Each structure stands twice: as C-alpha cells, then as structure tokens.
Amino acid sequence: MLLGALLDVGASARQVREQISCLGVDGIRMRVSNVKRGAIAARYVQFRGPARDSKQRRWAEIRKLISKAPLRNRVRERSLEVFEALAESEARVHGVAPERVHFHEVGAIDAIGDIVGVCAALDALEVSHVSSSPLALGHGQVKTEHGVLPLPAPASLLLLAGIPTYPVDVPWETVTPTGAALLRVLVDEWGPMPAITPLDQGFGAGQDRSGPMPNTLRVALGVSNDALARDTVSVIETHLDDTHPEHLPFLLERLMEDGALDASLSSLTMKKGRMGQLLRVLARPSDRDRLARRVLLESSALGVRFSELPRLLLKRENLTVQTDYGAIRVKIARAPDGATSAAPEYEACARAARKHSVPLGRVYRAAERRAEEELS
C-alpha cells in the first residue's frame with residue numbers, strides 16, 4: 001500500500017524497478033494495476049516470480065543480499081534499517097537471536113520488493129521529510145506462518161512502541177509488521193498534516209475487503225510553506241564519570257555511524273568533586289531507543305534520560321560539484337531571506353586530499369568556490 005501510494009503520487013516505476021532489479025533475485029517482477037477500493041481509485045502493487053513465497057530467508061542472508069547489491073546509498077541504508085527493525089522485533093516475539101530470525105512472509109521476494117521499493121520510491125521523489133498521522137489499529141486475529149496471532153500482531157506492536165495510534169472498528173490487520181517497520185524507520189514526525197503547500201496526492205490499495213472504510217492508504221506530496229523547516233528531535237543524555245577517556249571518541253564515532261544527528265561531550269564537576277562528562281546525543285525520534293542501547297552498550301552508563309524538543313532548521317539540500325580533485329558533495333543551507341551558504345563535506349574533501357596529496361583546505365576552498373559559482 002505504501003509503494004502503491006508513492007507510485008500514484010508520482011514516483012517513477014522505472015526507477016523503482018531498476019533498484020529492485022539490482023538485488024539480483026531471479027524472476028522478481030513488479031506488477032502495478034489501477035483498482036478501486038470503495039469510491040477510491042488507487043494503485044495496487046504485486047510482486048511475482050518463480051520463487052514467490054517459497055524461500056524463507058534469515059536476517060543474515062537478507063542483509064548480505066541488500067548490502068552487496070549496487071543500490072543507491074540511501075536506498076540501501078534505509079532498506080537495511082527496516083529489515084533490522086523487523087529482525088529485532090521478530091527475535092523478541094519468538095525468543096531467538098536476531099541473526100537467526102526466519103522471516104517467512106517477510107523473507108519472501110514480494111516483501112523484499114516492497115521494502116526496497118518503498119525506499120527507492122522515496123529516493124526517486126527526492127523526499128526530504130516524512131510525517132504521518134497517528135496509526136489506526138484494527139482488531140481480531142490474523143493467520144500467519146507462525147499460526148493464528150492476535151491483532152495488532154505482536155511484532156507490529158513492538159515496532160509501534162512510542163508511536164501514536166488509535167483503535168478503529170474494523171476486523172483487519174491495518175498495520176502489518178512490514179508496514180510498521182517502514183513507518184518506524186522512515187517517518188520523521190508524527191501528528192497532524194504539517195504546514196505545506198500540497199502538490200499532489202496518491203492512494204495505495206490493499207486487498208479488497210468489506211467494511212466501513214476503503215482499504216487504502218493516502219500519501220500527500222508538498223513543499224513546506226514556512227521560511228524555516230520544523231521538526232522534533234530526541235535528546236539522549238547521561239553523565240559519565242568512570243568510562244575510560246580513550247573510549248569516548250570511539251563512542252561518539254559509533255553513535256554517528258548509527259544515525260545520530262549529533263553527539264557531543266561536555267566536562268562536568270560531579271558529586272564528591274569528581275570530574276566527568278555529559279554525553280548528549282541528538283536523534284530522530286524513530287532512532288532514539290536504538291541509539292540509547294548503543295550508549296548503554298559502549299559506556300559505563302547505567303541509564304539514560306530522554307527529552308523531545310521542537311527545533312527550527314534552515315532549509316538544506318545537497319549538491320555535488322566537480323573540482324580538479326574530483327566530485328565533492330556540498331551541503332547548501334538557505335536562509336529565510338534567500339541567502340545561501342555552502343559547506344563541503346569533510347569526508348569527501350579528506351578523501352580527495354589524500355588521493356591527490358594536497359592540503360585539505362585547498363580541496364575545501366575549491367569545492368566551496370565551485371558551489372558558489374553554480375548557485376550564483
């Protein structure tokens with residue numbers, strides 16, 4: 001349903017198929033049809049192939065499949081994160097290690113296509129921010145490879161931890177584990193529709209079911225009509241007084257690799273005059289618990305504190321410029337008065353400086369000048 005709605009709102013089916021074909025899964029085919037659910041016209045997506053539903057894959061196998069595929073970086077990263085969330089939830093439900101989770105329906109080629117397809121569709125649309133209304137949860141039971149389960153399915157409910165929901169009187173599975181994992185990873189903000197100028201809308205269809213509402217999902221595409229972007233950030237904090245100082249830079253590095261928006265340390269004078277550190281991590285709300293677990297695993301902290309804070313952001317975009325030292329990615333920030341500033345990415349500049357044996361500052365200035373020329 002998510003993929004159908006994104007295709008209906010304008011994502012290129014050709015680009016989605018190209019990314020799915022990168023997986024190297026023999027015979028996988030995406031079929032998109034126009035259907036009606038009640039009074040709503042929608043897109044219905046199915047994945048077909050000779051091995052459909054016949055092969056059950058473990059998380060380790062799926063991770064290897066996606067990691068080695070020549071996908072676009074953002075598509076690969078998001079797809080892996082969705083499957084990791086699924087593996088962790090299924091592992092808790094069934095009492096096994098995540099690496100040994102057998103996905104059954106989730107591991108079939110249609111579900112792999114769904115997850116990679118949704119991530120590819122968002123990439124094709126160049127979506128920079130995703131918000132969602134609270135999720136409607138149906139009631140009843142669902143038949144699965146594991147037997148009959150209550151609704152919401154146990155894995156779905158785990159994935160929805162911290163996400164706003166409300167009950168709806170339909171005897172359906174309104175949110176599947178796959179859908180819950182996609183939303184948990186992809187949604188930046190939960191609540192009513194933000195202040196946007198709508199550009200288009202799209203509808204994705206599920207199975208045709210009788211009930212008080214059509215089995216569809218709607219996506220709205222728009223641009224922010226605020227001079228500044230707005231979102232909510234999770235703040236993770238803890239005090240450290242007995243973590244080995246040499247281990248702290250490694251912790252910051254791991255947190256950034258895991259998707260933290262920022263991570264910092266500040267010196268403190270703690271009880272009994274001991275010197276310590278305040279660790280502060282900024283994260284997307286959907287990443288909060290995962291990053292908190294990293295802090296508890298990699299430090300001497302016995303607990304962490306959470307807070308949710310609204311923030312204002314300059315509108316940002318990425319630009320790749322060609323310099324004498326190769327292609328360099330540059331972050332562009334736009335102020336409310338229209339002024340722009342360019343900040344070349346450090347890692348890209350560092351790689352180019354090493355490759356060409358030149359000072360880092362020279363590469364940085366070359367990328368900055370080229371970006372300013374293209375923006376002028």
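This report walks through the hairpins, cores, pockets and some local details of the structure above.

The model is predicted, so a few ground rules help: local features need pLDDT of at least 70, side-chain atom pairs count only at pLDDT 80 or more, and totals for chains, interfaces and linings use all residues. Residues are numbered from 1 along each chain as its sequence is written, and side-chain values use heavy atoms, with hydrogens and water left out.

## Two hairpins

Let us begin with the strands. Helices (H or I, at least four residues) and strands (E, at least two) are DSSP runs, numbered from the N terminus, and two strands pair if DSSP finds at least two bridges between them.

Strand β1 (residues 29-37) runs antiparallel to β2, with 9 bridges joining them. Within this pairing, Arg-31 faces Gln-46 of β2. The two strands make a hairpin with 2 residues between them, and Gly-38 in that turn has a positive phi of about 65°.

Further along, strand β5 (residues 141-144) and strand β6 (residues 147-150) are also antiparallel, over 4 bridges. They too form a hairpin, with 2 residues between them. Lys-143 has Val-148 of β6 as its bridge partner, while Thr-144 is partnered by Gly-147.

## Cores and the buried helix

In soluble globular proteins, nonpolar side chains tend to be buried together. For what follows, buried means under 20% relative accessible area, exposed over 50%, and partly exposed in between (1.4 Å probe, protein chains only). A nonpolar core is a set of buried Ala, Val, Leu, Ile, Met, Phe, Trp, Tyr and Cys residues joined through side-chain atoms within 4.5 Å.

The largest nonpolar core has 52 residues, and the members touching the most others are Leu-3, Val-16, Leu-23, Met-30, Ile-66, Phe-83 and Val-116. Elements that each give at least two residues to this core include α1 (2-8), α2 (13-21), β2 (40-48), α4 (73-94) and α7 (177-186). Its largest share, 10 residues, is supplied by α5. A second, separate core holds 15 residues, among them Val-321, Ala-353, Ala-366 and Ala-367.

Helix α7 is worth a look in its own right: 10 of its 10 residues are buried. Arg-184 is one of these buried residues.

## Pocket and cavity

On a 1 Å grid over the protein atoms alone, a cavity is a set of points where a 1.4 Å probe fits but cannot get out, and a pocket is an open set with protein on both sides within 12 Å along at least five of seven lines; lining residues have an atom within 4 Å of a point. Grid points are joined across faces, edges and corners, and a volume is the space filled by probe spheres set on the points.

The second largest pocket has a volume of about 360 Å³. It is lined by 16 residues, of which Ala-85, Glu-88, Leu-159, Arg-184 and Arg-293 are the closest to its centre. Helices α4, α6 (154-159), α7 and α9 (288-298) each contribute at least two lining residues, and α4 gives the largest share, with 6 residues.

There is 1 cavity of 30 Å³ or more. Its lining consists of Leu-137, Gly-138, Leu-151, Pro-152, Trp-172, Glu-173, Thr-174 and Val-175.

## Local geometry

Most residues other than glycine have a negative phi, and most peptide bonds are trans. The peptide bond from Leu-151 to Pro-152 is cis, with omega near -5°, and Pro-152 sits in the loop between β6 and α6.

Two residues other than glycine with positive phi are set out below.

| Residue | Phi | Loop | Relative accessible area |
|---|---|---|---|
| Glu-126 | near 55° | between α5 and β3 (131-132) | 68%, exposed |
| Ser-357 | near 55° | between α10 (346-356) and α11 (360-375) | 67%, exposed |

## Charges over rings

A charge sits over a ring if NZ of Lys or CZ of Arg is within 6 Å of the ring centre and within 35 degrees of the ring normal. Arg-37 lies over the face of Tyr-44, 5.3 Å from the ring centre. Arg-288 takes up such a position over Phe-306, at 4.0 Å from the ring centre.
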